[in-house]
Amino acid sequence: MSQIKLTKPTVPFSEAPWIQGLPSSIFTSPSHVQLREWARNFTDEVIVKIGAKYVEAGRITDDEAYQRCAKDGVLFAFATGVHVDPKIAKIAERAGVSLPAGIKMDEWSNIHDYIIWDELNRAASAVMMGLLGGLTYGTGPLMHFCSDEQKERWLPEIFSGKKRICLAITEPLAGSNVANLSTEAKLIEENGKKYYLVNGSKKWITNGIYSDYFTTAVRTSGKAGDSSGISLLLIPKGPGVTTKQMKMLPGGASGTTIVEFDDVKVPVENLIGKEGDGLRLVFFNFNHERMTIAFTALRLSRVCLEDAIAHTRRREVFGKKLIEQPVVRYKIGHMAREVEALQAWVESIVFQQMNLTIPQSNLLTGGTCALLKAHAGIVLDHVVRESLHLLGGMGLTVGGTGERIERIYREVKGMTIPGGSEDVMLDLGVRQQLKLVGPQSKF
Ligand SMILES: Cc1cc2nc3c(=O)[nH]c(=O)nc-3n(C[C@H](O)[C@H](O)[C@H](O)COP(=O)(O)OP(=O)(O)OC[C@H]3O[C@@H](n4cnc5c(N)ncnc54)[C@H](O)[C@@H]3O)c2cc1C
């Protein structure tokens with residue numbers, strides 16, 4: 001065996017094997033370790049420390065953490081996702097933006113994307129989504145489908161934190177069935193200029209309340225249910241756009257919002273891609289969105305295990321530490337096997353996707369990625385339930401030992417419903433795989 005340097009975690013199962021220094025086939029570059037160490041400090045300093053006031057207030061109340069994310073390249077990293085296109089790299093450089101931890105633009109990959117999501121989620125706080133959720137999902141279509149002119153117009157101010165953005169697809173009557181959306185965008189002409197006149201409403205929009213731009217799915221033709229009449233528009237906040245924060249079970253920092261469009265005039269130059277092609281553009285980014293939810297559920301599961309195991313090693317009940325009870329170890333064993341198996345599946349799909357183009361990855365890993373997203377939520381659902389139980393009353397107490405577990409307990413449905421609900425994902429995963437193998441051969 002070659003020489004390996006192990007870092008022993010203080011709590012078993014609290015770190016992925018590669019973080020402990022165990023051999024790995026994917027975390028092979030020094031830049032992976034560099035980014036991980038950097039992101040761990042960033043999480044403690046920004047998401048946890050500065051973020052405490054946002055958790056308390058139930059919303060992001062100032063620009064302090066967002067501007068740190070901008071300055072340190074975190075906004076750019078989350079917007080760019082799994083790969084930095086050379087043209088985008090030039091736009092970022094001109095805007096004075098670089099990647100975190102000094103990672104080179106041409107080196108950034110799916111693995112770096114996983115690492116930064118994993119580390120920032122250690123905070124187990126909605127502040128992360130409050131700062132970065134809308135940006136990640138709202139910028140995706142801009143990066144892949146905007147013209148060069150549109151990219152130059154919008155991306156510099158997004159990367160540098162001057163403007164905030166979110167993804168506005170879901171409507172009160174169109175959630176799992178996106179094709180059902182009815183927000184209307186009617187082509188009009190005024191003083192020789194063409195606009196879309198937008199009317200309708202969007203619901204459950206992450207970061208909507210903080211946003212200056214809305215990457216919005218609209219209906220340019222056809223009726224609700226007709227997928228070919230959907231287009232994508234970048235709608236700036238302005239006359240006719242109103243936002244109202246919703247009260248949600250997990251609390252408020254992620255800024256879940258109702259967005260109303262009332263006779264909003266949007267220049268035709270804000271159409272992303274072609275008219276009628278909106279649904280394809282939305283679906284193009286779903287794979288990445290689902291991976292990021294799986295990354296989140298995986299880290300949150302580890303956080304639960306970490307805090308639950310630490311508690312069972314401290315807490316004495318009936319004259320014994322809880323960890324000395326075989327039944328307690330049995331529960332922990334079940335949680336640990338689920339988390340380690342999820343880790344292996346995540347790493348395997350990250351590796352596959354890294355070695356495929358995005359269209360190939362959507363085609364070949366779309367089904368397994370939907371199953372992974374569902375599975376990650378199911379694992380978290382079980383792990384948080386058992387962990388909270390092991391903490392007894394502490395698990396139900398806001399603040400203190402059970403703080404992260406209690407927060408995750410309120411968050412867990414925020415993993416299993418958005419980005420494709422669990423049952424819909426399980427069904428989609430099977431349908432996609434059936435499609436890949438084609439019709440059954442006759443014997
Ligand atoms: C916290 C949060 C953040 C969100 N952020 C955003 C955002 O930023 N942008 C955005 O556009 N949207 C966002 N959403 C909306 C989210 O994508 C939808 O809530 C989700 O797609 C489910 O749609 P729905 O709520 O309308 O549920 P429905 O579509 O009404 O489904 C309800 C339930 O029915 C079941 N179901 C539905 N269809 C099927 C089926 N075919 N087979 C089996 N079971 C089925 C599922 O159990 C599902 O959970 C967010 C939602 C939440 C809760």
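Trainee: In this predicted model, how far is an oxygen atom of the ligand from an N or O atom in the side chain of S421?

Mentor: Start with the shell: S421 is listed among the closest residues to the ligand, along with T170, S176, W204 and D423. A polar contact needs a pair of N or O atoms within 3.5 Å. The pair formed by a ligand oxygen and the S421 side chain sits at 2.6 Å.

Trainee: And how much of the ligand's accessible area does the protein cover?

Mentor: Take the ligand on its own, and it has 970 Å² of accessible area. Put the protein back, and the share covered is 63%.

Trainee: Which side chain has an N or O atom 2.6 Å from a nitrogen atom of the ligand?

Mentor: Don't mix this one up with S176, whose side chain has an N or O atom 2.7 Å from an oxygen atom of the ligand. For the ligand nitrogen, the partner at 2.6 Å is the side chain of T170.

Trainee: Which element gives the largest share of the shell around the ligand?

Mentor: There are 15 residues around the ligand, and by class they split into eight nonpolar, six polar and one charged. The elements giving two or more of them are β1 (165–168), β3 (193–206) and α15 (422–437). The largest share is three residues, and they come from β3.

Trainee: Between which domains does the ligand lie?

Mentor: Look at who gives residues to the shell: both 166–275 and 285–437 do. The ligand therefore lies between domain 2 and domain 3.

Trainee: N207 and F318 caught my eye on the phi plot. Is N207 buried or exposed?

Mentor: Most residues other than glycine have a negative phi. N207 isn't a glycine, yet its phi is positive, about 70°. The residue sits in the loop between β3 and β4 (213–219). Its relative accessibility is 0%, so N207 counts as buried.

Trainee: What about F318, buried or exposed?

Mentor: F318 also has a positive phi, about 50°, without being a glycine. You'll find F318 in the loop between β9 (316–317) and β10 (320–321). The cut-off for exposed is over 50% relative accessible area. F318 has 82%, so call it exposed.

Trainee: Last one: which helices are included in what covers the buried residues of α13?

Mentor: The buried residues of α13 (403–411) are R404, I405, E406, R407, I408 and E411. Their cover includes α2 (52–57), α7 (126–145), α10 (286–314), α12 (358–390) and α14 (413–416).

Note on methods. Residues are numbered from 1 along each chain as its sequence is written. This is a predicted model: local features need pLDDT of at least 70, side-chain atom pairs count only at pLDDT 80 or more; totals for chains, interfaces and linings use all residues. Side-chain values use heavy atoms; hydrogens and water are left out. Buried means under 20% relative accessible area, exposed over 50%, partly exposed in between (1.4 Å probe, protein chains only). Helices (H or I, at least four residues) and strands (E, at least two) are DSSP runs, numbered from the N terminus. Contact means heavy atoms within 4.5 Å. A residue is near a molecule or strand if one of its heavy atoms lies within 4 Å of it. A polar contact is a pair of N or O atoms within 3.5 Å; within protein, one must be able to donate a hydrogen and the other to accept it, and residues adjacent in sequence count only if both atoms are side-chain atoms. Accessible areas come from the Shrake-Rupley method with a 1.4 Å probe; for residues, only the protein chains shown count as cover. Ala, Val, Leu, Ile, Met, Phe, Trp, Tyr, Cys and Pro count as nonpolar, Asp, Glu, Lys and Arg as charged, and the others, Gly among them, as polar. Domain bounds come from an automatic or database domain assignment.
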